[in-house]
Amino acid sequence: MTTSRTRLAAAAGATALPLLALVIARLAWNGELPPVVASHWSGTRPDRFSDTATYFWIALTVCAAATVIAGVVAIRGRTDAALWLPATVLVGWTVATTWIVGVAATIDAGSPEAATLGWWIGIPLLGIPWAVATYAVLPRRSQSTPHDPAPTLPVPLGPGERAAWTGYVHGRWAGVLALAMALATVASALMGALWLAVLFLVLAVLGGAFTSVTVQVDRAGLSLSSWNIRWRRIPLDSVDEARVTEIVPLEWGGWGYRFTPRGTAVVIRAGEGIVVTRRDGRPFAVTVDDAAQGAALLNSLVVPRPG
């Protein structure tokens, strides 16, 4: 087994530890489990309570699902394992220890209403450094480079010639989100919740920015803009090559502006897009219509590096 596979297997196995701890705690407390436990906290005092058995089965289901997902990711050797496995670790640990802490605090206080969180609060929070450590040790591999040659213009540009290409991509769901957030902004303002209205307004603006994105290629490089406002540029002198590929949102961490172990991406919808490999090795991807034309021009504009 290679080092990469060993790291994947170890991280997937670590995801099962919260599930194991949950089961062991349930068995250890079998004779003294209270019927109701504190399940939600306001500061150090409980403000919500749950049936102990129901709460346990919900936590068990979530932890088991996290373990199964981690196992599948490790077995398939997914290139985005460094994105999935820290998430499964964090979810499993948080859910399992929240149940354990709730039961422990309830038993210690004698009743769920009298439970105090105290130093117990630090236990669920340990999931954060654990997830960070998992991310740090996992291998992060880029997707294999396509075997097709990088596209170029059929007729090379002359020394004094200028050329530019503009492509567009429209995000239907981003538009729906922007509209929903705009309506929520108005509703919150009418109800007097101004801070909530500001939050929804920010989300509406962000959603609107991804409703229609313009991608432009010229001698300045590759740039992205919304509402004629440029908000991202990849300078031409930092580009190694550009390729066209089918972009699957989940392989890049979802929709929107994504930062993943695989690279940075602006994913508006599934489908064809341009993947730019920069000279420092970092990829940048963007979904856009007629991606082949944009990639061909970008490759034709790139100045060859000295041999």
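This note goes through a predicted model point by point, from its strands and cores to its charged pairs, its rings and its unusual backbone angles.

1. A good place to begin is strand β5, residues 221-226, in which six of the six residues are buried, so that the strand is largely enclosed by the rest of the structure. On one side of the account stands strand β4, residues 212-218, which pairs with β5 in the antiparallel sense over five bridges. Within that pairing V215 stands opposite L224 of β5, and the two strands form a hairpin with two residues between them.

2. The strand that follows, β6, covers residues 229-235 and runs antiparallel to β5, to which six bridges join it. One of the bridge partners to look for here is R233 in β6, which is matched with S223. Like the pair before, β5 and β6 make a hairpin with two residues between them, and in the turn W227 has a positive phi of about 55°.

3. The turn between β5 and β6 deserves a second look, since N228, which is not a glycine, also has a positive phi, of about 65°. N228 is placed in the loop between β5 and β6, and with a relative accessible area of 79% this residue is exposed. As background, most residues other than glycine have a negative phi.

4. Another case of this kind is D290, a residue other than glycine whose phi is positive and near 55°. D290 belongs to the loop between β11 and α8, where its relative accessible area of 47% makes it partly exposed.

5. Which residues have the most contacts inside the largest nonpolar core? They are V215, L222, L224, I274, V276 and L298, in a core that has 27 residues. Two or more residues each are given to this core by β3 (165-170), β4, β5, β7 (239-247), β10, β11 and α8, and the largest share, five residues, comes from α8.

6. The surroundings of L224 can be followed residue by residue: once its neighbours within four places in sequence are set aside, L224 is in contact with V213, T214, V215, I229, R230, W231, R232, V266, F284 and V286. Apart from the core of point 5 lies another one, of 21 residues, and W29, A59, A115 and W120 are among them.

7. The structure holds three salt bridges. In one of them the side chains of E241 and R243 meet at 2.8 Å, N to O. The two partners fall into separate accessibility classes, because E241, at a relative accessible area of 22%, is partly exposed, whereas R243, at 15%, counts as buried.

8. A further salt bridge brings together the side chains of D289 and R269, at 2.7 Å from N to O. This pair links distant parts of the chain, 20 residues apart, with D289 in the loop between β11 (283-287) and α8 (291-301) and R269 in the loop between β9 (263-267) and β10 (271-278). D289 counts as partly exposed at 33% relative accessibility, while R269 counts as buried at 18%.

9. The remaining salt bridge is made by the side chains of D280 and R282, which meet at 2.6 Å, N to O. Here D280 counts as partly exposed, with 46% relative accessibility, and R282 is likewise partly exposed, with a relative accessible area of 48%.

10. Turning to the rings, the count comes to six aromatic pairs. F56 and W57 form one that is edge-to-face, with 5.3 Å from centre to centre and 70° between the planes. Are these two residues buried or exposed? F56 is buried, at a relative accessible area of 7%, and W57 is exposed, at 52%.

11. The rings of W29, F56, W57 and W99 are linked by ring pairs into a cluster. F56 also has a charged neighbour, as R26 lies over its face at 5.6 Å from the ring centre. W29, a member of this cluster, was also named above among the residues of the 21-residue core.

Technical notes:
Residues are numbered from 1 along each chain as its sequence is written. This is a predicted model: local features need pLDDT of at least 70, side-chain atom pairs count only at pLDDT 80 or more; totals for chains, interfaces and linings use all residues. Side-chain values use heavy atoms; hydrogens and water are left out. A salt bridge is a side-chain nitrogen of Lys or Arg within 4 Å of a carboxyl oxygen of Asp or Glu. Buried means under 20% relative accessible area, exposed over 50%, partly exposed in between (1.4 Å probe, protein chains only). Helices (H or I, at least four residues) and strands (E, at least two) are DSSP runs, numbered from the N terminus. Two strands pair if DSSP finds at least two bridges between them. Rings of Phe, Tyr and Trp (its six-membered ring) pair if their centres lie within 6.5 Å; planes under 30 degrees apart count as stacked, over 60 as edge-to-face and the rest as tilted. A charge sits over a ring if NZ of Lys or CZ of Arg is within 6 Å of the ring centre and within 35 degrees of the ring normal. A nonpolar core is a set of buried Ala, Val, Leu, Ile, Met, Phe, Trp, Tyr and Cys residues joined through side-chain atoms within 4.5 Å. Contact means heavy atoms within 4.5 Å.
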